[in-house]
Amino acid sequence: MQVPLLVTDFLRRSADLYPGKTAVVDGNNRFTYAQFQRRANRLSNALLDLGLCKGDRICYLGPNSHHFLESFYGTAQIGAVLVPLNYRLVPSDHEYMLNHAGVKAVLVDWEYTAMVDTIRPSLPGVEHWIAAQEGDAAPEGWLAWEPWIATASDSTPPPVDLDENDLVSINYTSGTTARPKGVMLTHRNCYVNAYGMIAHLRFCHDDVELWTLPMFHCNGWGGVYALTGMGGTHVVLRAIDAASIYDLIEHEGVTLACMAPTVLSAILQYEHRDRHQLRTRPRFIVAGAPPPVAFIERLEEELGWEFLQIYGLTETAPLLTVAAPDYATDKNDYARRSRAGVAALGVEIVLLDDDDNQVPRDNETVGEICARSNVVFKGYWEQPEETAKAIRNGYFHTGDLGVWDSVGNVHIVDRKKDVIISGGENISSPEIEDALYRHPAVLECAVIGVPHEKWGETPLALVVLRNGESVTEQQLIDFCRDNLAHFKCPTRVEIIDELPRTATGKLQKFRLRERYWSGQRRVN
Ligand code: AMP
């Protein structure tokens with residue numbers, strides 16, 4: 001008889017097998033697997049007591065914490081859908097996503113409750129406001145997490161009739177459109193992804209994972225399920241800095257960490273490495289953007305730590321390809337290991353040309369990376385037309401461009417979609433352009449990603465002014481800062497006379513990019 005693949009199995013299994021083992025370390029808080037399960041149960045029962053049930057959307061907004069981890073299971077155990085939000089966004093972004101997803105209850109880290117209060121009047125659908133914090137006192141209008149769950153039962157919540165194709169989360173992603181899209185992930189998507197991560201990244205019960213990647217990010221939550229399922233230890237870090245990372249590697253015996261290339265850079269530049277007595281040699285999984293080749297070389301040769309690279313998207317829960325030093329990849333060929341990977345188990349990758357024909361494995365013909373797999377999402381929340389654009393002829397179209405080598409590695413070479421990846425965060429060019437168009441002096445503008453030593457890419461805005469108007473570049477940057485999250489703002493603005501267009505008026509961004517990338521491929 002078949003049983004549905006439900007992510008709630010992961011915590012239940014480890015609580016059963018390893019009840020006394022440390023599951024979560026968050027500052028001074030340490031919880032065993034039995035405690036983690038009981039806290040998640042209390043959260044589930046407290047949510048049921050508020051009247052929330054299967055299918056209801058519940059958001060978590062805040063940095064990584066034990067409360068965030070508990071929310072993954074506390075919501076899933078009652079069949080509710082978790083909507084993790086990026087706390088670096090501005091209130092108007094949150095307002096849009098909370099209303100778009102029809103969120104009924106918000107679980108908000110104490111540092112962000114005041115920010116959410118500023119948009120409260122515009123959130124008519126939200127019925128419950130819970131502050132995630134340690135103490136008993138919550139800000140006015142908020143339920144304090146700890147006393148709230150303390151009154152709820154810690155027993156397994158009543159069974160819910162759940163199918164593996166039911167939603168477990170809606171994750172908003174900045175993509176090709178000015179507004180973020182809600183990626184619907186099912187229990188099956190996340191379960192199968194966790195299996196892929198366990199197989200390829202070797203998650204096991206001895207692992208101690210340091211969380212530097214935010215859990216609202218797809219590479220983050222994939223790891224939440226995989227590590228919990230294997231009974232490993234989650235070490236949560238609120239503010240990311242190299243000294244704390246080294247401290248935790250030393251004191252908690254970290255064996256695994258998943259990070260964006262910028263965090264890897266901070267780790268490599270840290271001057272006081274020799275102050276730490278490290279007894280483990282962690283595996284470092286880099287995801288979200290291509291890391292500089294020199295980083296990998298230093299990581300492996302100077303520190304003796306293992307580097308693994310994965311590629312995937314929010315829409316694929318996320319794992320699509322993995323680069324490990326195996327038969328297909330020469331261990332010392334760092335250039336290849338930073339850019340290429342083989343399809344993960346259970347993932348079929350094809351590279352398609354503009355007519356949807358597969359390109360040959362010749363190391364040079366570029367095609368769009370497309371995938372078929374159980375990890376491919378159910379669709380965009382309430383945007384069937386966007387879903388139809390992304391999933392065509394049975395394949396999910398990633399918007400990334402790649403070439404095949406002869407031994408089955410996909411090399412990512414560029415992006416077809418209008419997305420800038422800066423420090424591992426996706427930034428939508430149309431969103432910045434929309435913000436700039438609101439400035440009265442701006443006639444036309446185009447935003448492109450240009451190379452940046454620290455962030456990989458950074459947004460550059462090319463702006464044509466209205467006749468007779470004058471504005472400085474800095475004023476335009478400041479204007480964006482008033483309207484967009486900081487990480488999305490252009491770091492440079494150039495005023496130009498006109499934008500290059502085709503005869504039919506279509507903007508030719510590739511011509512703008514040429515100047516800055518001087519012929520090199522964007523992801524090379
Ligand atoms: P997100 O949905 O926010 O995780 O962003 C997914 C996008 O990040 C992909 O479509 C790629 O453009 C980029 N990406 C993810 N992983 C990698 C990687 N290992 N190398 C290069 N680009 C990556």
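Which residues does Leu5 touch, not counting residues up to four places away in sequence? They are Glu164, His187, Arg188, Tyr191 and Val192. Leu5 is placed in the segment before α1 (8-17). Its C-alpha atom is separated by 21 Å from that of Gly312, and these two residues lie 307 residues apart along the chain. The model described here is predicted.

## Helix α2 and its crossing with α3

Helix α2 covers residues 33-49, 17 residues in all. From its first C-alpha to its last it reaches 24 Å, close to the 24 Å expected at 1.5 Å a residue. Because 12 of these 17 residues are buried, α2 is largely enclosed by the rest of the structure. The buried residues include the aromatic side chains of Tyr33 and Phe36. Also buried in α2 are Ala34, Gln37, Arg39, Ala40, Asn41, Leu43, Ser44, Asn45, Ala46 and Leu47. After the helix comes Gly51, with a positive phi near 100°.

Two packed helices are described by the angle between their axes and the distance between the axes. For α2 and helix α3 (residues 66-76), the axes come within 8 Å and cross at roughly 65°. This crossing of α2 and α3 is right-handed. On the α2 side, the contact is made by Phe36, Arg39, Ala40, Leu43, Ser44 and Leu47. Their partners in α3 are His66, His67, Leu69, Glu70, Ser71, Tyr73, Gly74 and Thr75. Sorted by class, the contact of α2 with α3 has 6 nonpolar, 6 polar and 2 charged residues. Phe36, Arg39, Ala40, Leu43, Ser44 and Leu47 also appear among the buried residues of α2.

## Backbone exceptions

Most residues other than glycine have a negative phi, and most peptide bonds are trans. The loop between β14 (306-312) and β15 (319-323) holds Pro318, and Ala317 is found in that loop as well. The peptide bond from Ala317 to Pro318 is cis, with omega near 0°. Ala317 also has a positive phi, near 65°, although this residue is not a glycine. Ala317 counts as buried because its relative accessibility is 0%, under the 20% cut-off.

Asn393 is another residue with a positive phi that is not a glycine, at about 50°. Its place is in the loop between β20 (391-392) and β21 (395-404). Is Asn393 buried or exposed? With a relative accessibility of 62%, Asn393 counts as exposed.

## Cysteines

How many disulfides does the structure hold? The number is 0. Cys204 is in no disulfide, and the nearest cysteine sulfur, in Cys258, is 16 Å away. Cys204 counts as partly exposed, at 26% relative accessibility. For Cys489, the closest cysteine sulfur is that of Cys480, at 5.5 Å. A disulfide needs the two sulfur atoms within 2.5 Å, so this separation is too far for a bond. Cys489 is buried, with a relative accessible area of 3%.

## Three buried residues

The table lists Asp93, Gly367 and His411 with the element that holds each residue and its relative accessibility.

| Residue | Element | Relative accessibility |
|---|---|---|
| Asp93 | helix α4 (residues 91-101) | 7%, buried |
| Gly367 | strand β18 (residues 367-373) | 2%, buried |
| His411 | strand β22 (residues 410-415) | 16%, buried |

Asp93 touches Glu431 and Lys488, leaving out residues up to four places away in sequence. Between the C-alpha atoms of Asp93 and Ser338 the separation is 33 Å, and the two residues are 245 residues apart along the chain.

Gly367 touches Leu351, Leu352, Val359, Asp400, Leu401 and Gly402, again not counting residues up to four places away in sequence. From Gly367 to Leu248 the C-alpha distance is 42 Å, with their positions 119 residues apart in sequence.

Beyond its neighbours within four places in sequence, His411 is in contact with Arg336, Arg339 and Ala340. His411 also contacts Leu401, Gly402, Val403 and Asp405. Leu401 and Gly402 thus appear in the contact lists of both Gly367 and His411.

Technical notes
Residues numbered from 1 in each chain as written. Predicted model: local features only at pLDDT ≥ 70, side-chain atom pairs only at ≥ 80, totals over all residues. Heavy atoms only, no water. Helix = DSSP H or I, 4+ residues; strand = E, 2+ residues; numbered from the N terminus. Buried < 20%, exposed > 50% of the residue type's maximum accessible area, 1.4 Å probe, protein only. Contact = heavy atoms within 4.5 Å. Expected span 1.5 Å × (residues − 1). Axes fitted to C-alpha atoms, helices over the stretch in contact; angles between N-to-C directions. Left-handed = near helix turned anticlockwise from the far one by under 90°. Nonpolar A, V, L, I, M, F, W, Y, C, P; charged D, E, K, R; others polar.
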